[in-house]
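Reader: I have a structure before me and would like to learn how to read its features. May we take them one at a time?

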Amino acid sequence: MSVLKIDFSKSGVSLTDALKAEAAKANALLHSGEGAGNDFLGWVALPSSMGEAELASVEECARRLRSRADVVVCIGIGGSYLGARAVLEALGNPFEHLRPQHDNPTVIFAGQNISEDYTYQLLDALRERSIAVIVISKSGTTTEPAIAFRIFKEEIERRYGKDEARHRIAAVTDSARGALKTLADREGYATFVIPDDVGGRFSVLTPVGLLPLAVAGVDIRALVHGAREAESDTACDKGPDNNPAALYAMVRNALYREGRKIEILGSYEPALQYINEWWKQLYGESEGKEGKGIFPASVTLTADLHSMGQYIQEGERTLFETVISVASPVHELRIGTDSDNLDGLNYLSGKRLSEVNRMAEIGVCLAHVDGGVPNIRIEIERIDARTVGYLLYFFEKACGISGYMSGVNPFNQPGVEAYKKNMFALLEKPGYEEAARAVKARLEKE
């Protein structure tokens with residue numbers, strides 16, 4: 001099979017010529033750079049433009065960090081965190097920590113929250129471990145990762161001294177300016193660039209994602225290769241009927257226009273749970289503006305059938321479901337026979353768990369469709385680096401097409417700044433004195 005296939009036969013959508021024309025126009029705008037947010041379109045040709053020198057540089061830095069530390073703390077938030085974690089969770093072994101020997105360093109994430117307990121417990125757990133840090137921030141002043149980096153930089157310098165610290169810290173930041181760039185140049189950290197024309201939520205295939213993934217032992221070349229295949233399969237010369245990203249964008253926009261305001265992304269493989277989380281940021285931050293946008297939600301199945309299943313089956317009919325289906329598991333495990341058969345499962349004897357999982361997937365789909373939930377099925381052959389790279393680019397391209405079809409700029413996020421203004425005012429950050437007085441007066445009044 002091809003790397004990815006889309007089945008929308010259970011969505012209830014018919015693809016009209018008008019819808020196809022919209023999708024083709026949107027895809028053309030992504031390639032011509034004539035649409036809104038065109039200063040953030042560097043991701044469109046990113047996979048094919050990534051050269052040997054850049055990949056080799058990432059791999060060399062990863063080797064240096066791996067040689068010095070058995071735990072690497074990756075500090076970032078939003079797009080500087082979710083992409084790497086999504087790939088790592090998809091391709092890693094969730095039980096690796098139970099093995100007595102590890103071939104690769106453990107990559108752990110910080111700076112994605114401001115929880116005192118989380119940060120303290122992480123530091124405490126690392127007291128007897130050799131550590132290094134990858135800090136990812138365009139400016140170096142984003143509150144959550146900046147706080148975490150200050151703490152972990154101090155910890156590394158205290159343990160190893162400043163000379164050794166510069167070999168244990170790598171920065172992924174702006175090419176020329178910003179607090180982190182200034183510090184990295186002054187201290188002599190290994191430095192990689194977040195391209196000016198690639199927004200955070202589209203940055204997983206830059207050093208933002210590739211460096212921590214290479215440290216963890218992920219085959220980043222296979223990841224990029226898969227993304228290159230997706231770039232080719234969704235190119236401007238691919239008509240909407242033969243472009244998987246355009247197909248997905250068309251179906252979800254058609255459903256939205258019919259009143260389906262919520263999209264639930266699900267999978268029957270827990271390894272894809274953080275792909276869901278990355279997808280939620282990608283689509284929520286790209287489309288949710290100007291009073292528009294499909295609300296992105298997610299479930300992990302079959303587990304969430306025992307919590308969210310009732311609502312999906314019989315709740316308000318404003319949602320549709322997209323399922324990432326994995327055709328072939330990596331491993332094989334069969335169900336045995338029990339002479340007592342107290343659990344009544346002998347009818348499953350000899351079957352692989354994947355057979356049972358697939359029948360659950362098909363059965364749930366039929367039930368949800370019967371309950372009035374349109375279904376889109378995205379099938380991938382297996383979970384490996386090439387396929388995940390393809391899936392990432394596919395979702396990015398579909399997001400760009402879908403955003404333009406919905407009439408918004410998919411590459412800005414003006415609403416994200418609203419909470420920051422209030423937080424800075426409450427923390428009495430210099431320059432926010434007037435805002436601080438206004439917020440405090442409001443809180444006293446309320």
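Reader: Which residue stands opposite Glu 379 in E10?

Author: In this predicted model, Ser 325 is the residue opposite Glu 379 of strand E10. The two belong to a wider pairing, in which strand E9 (residues 319–326) and E10 run in the parallel sense over six bridges. Between these strands, the chain passes from E9 through helix H13 (residues 353–370) to E10, and this β-α-β crossover is right-handed.

Reader: In which sense do strand E1 and E10 pair, parallel or antiparallel?

Author: Strand E1 (residues 4–7) pairs with E10 in the antiparallel sense, over four bridges. Within E10, Ile 378 is the bridge partner of Ile 6.

Reader: How should I think of side chains along a strand, and how many residues of strand E10 are buried?

Author: As a general idea, the side chains of a regular strand alternate between the two faces of the sheet. As for burial, five of the six residues of strand E10 (residues 375–380) are buried, so the strand is largely enclosed by the rest of the structure.

Reader: Let us turn to empty space. What volume does the second largest pocket have?

Author: The general idea is that a probe the size of a water molecule, rolled over the atoms, shows where empty space is left. Here, the second largest pocket has a volume of about 990 Å³. Its lining comprises 38 residues, and those closest to its centre are Lys 138, Thr 142, Gly 200, Gln 413 and Lys 420.

Reader: Which elements give two or more residues to that lining, and of what classes are its residues?

Author: The elements are helix H6 (143–168), helix H11 (273–287) and helix H15 (417–426). H15 gives the most, with five residues. By class, the lining of this pocket holds 13 nonpolar, 14 polar and 11 charged residues.

Reader: How many aromatic pairs are found in the whole structure, and how is one of them read?

Author: The search finds 15 aromatic pairs. One reads the distance between ring centres and the angle between planes, and planes over 60 degrees apart count as edge-to-face. For Tyr 248 and Phe 395, the centres are 5.8 Å apart and the planes lie at 65 degrees, so this pair is edge-to-face. Tyr 248 lies in helix H10 (residues 244–257) and Phe 395 in helix H14 (residues 385–405), so the pair ties together parts 147 residues apart in sequence.

Reader: Are Tyr 248 and Phe 395 buried or exposed, and which cluster contains them?

Author: Tyr 248 counts as buried, at 0% relative accessibility, and Phe 395 is buried with a relative accessible area of 0%. Ring pairs link Tyr 248 and Phe 395 with Trp 278, Trp 279, Tyr 283 and Phe 394 into a cluster.

Key:
Residues are numbered from 1 along each chain as its sequence is written. This is a predicted model: local features need pLDDT of at least 70, side-chain atom pairs count only at pLDDT 80 or more; totals for chains, interfaces and linings use all residues. Side-chain values use heavy atoms; hydrogens and water are left out. Buried means under 20% relative accessible area, exposed over 50%, partly exposed in between (1.4 Å probe, protein chains only). Two strands pair if DSSP finds at least two bridges between them. A crossover is right-handed if, with the strands pointing away from the viewer, the path from the first strand over the helix to the second runs clockwise. On a 1 Å grid over the protein atoms alone, a cavity is a set of points where a 1.4 Å probe fits but cannot get out, and a pocket is an open set with protein on both sides within 12 Å along at least five of seven lines; lining residues have an atom within 4 Å of a point. Grid points are joined across faces, edges and corners, and a volume is the space filled by probe spheres set on the points. Ala, Val, Leu, Ile, Met, Phe, Trp, Tyr, Cys and Pro count as nonpolar, Asp, Glu, Lys and Arg as charged, and the others, Gly among them, as polar. Rings of Phe, Tyr and Trp (its six-membered ring) pair if their centres lie within 6.5 Å; planes under 30 degrees apart count as stacked, over 60 as edge-to-face and the rest as tilted.
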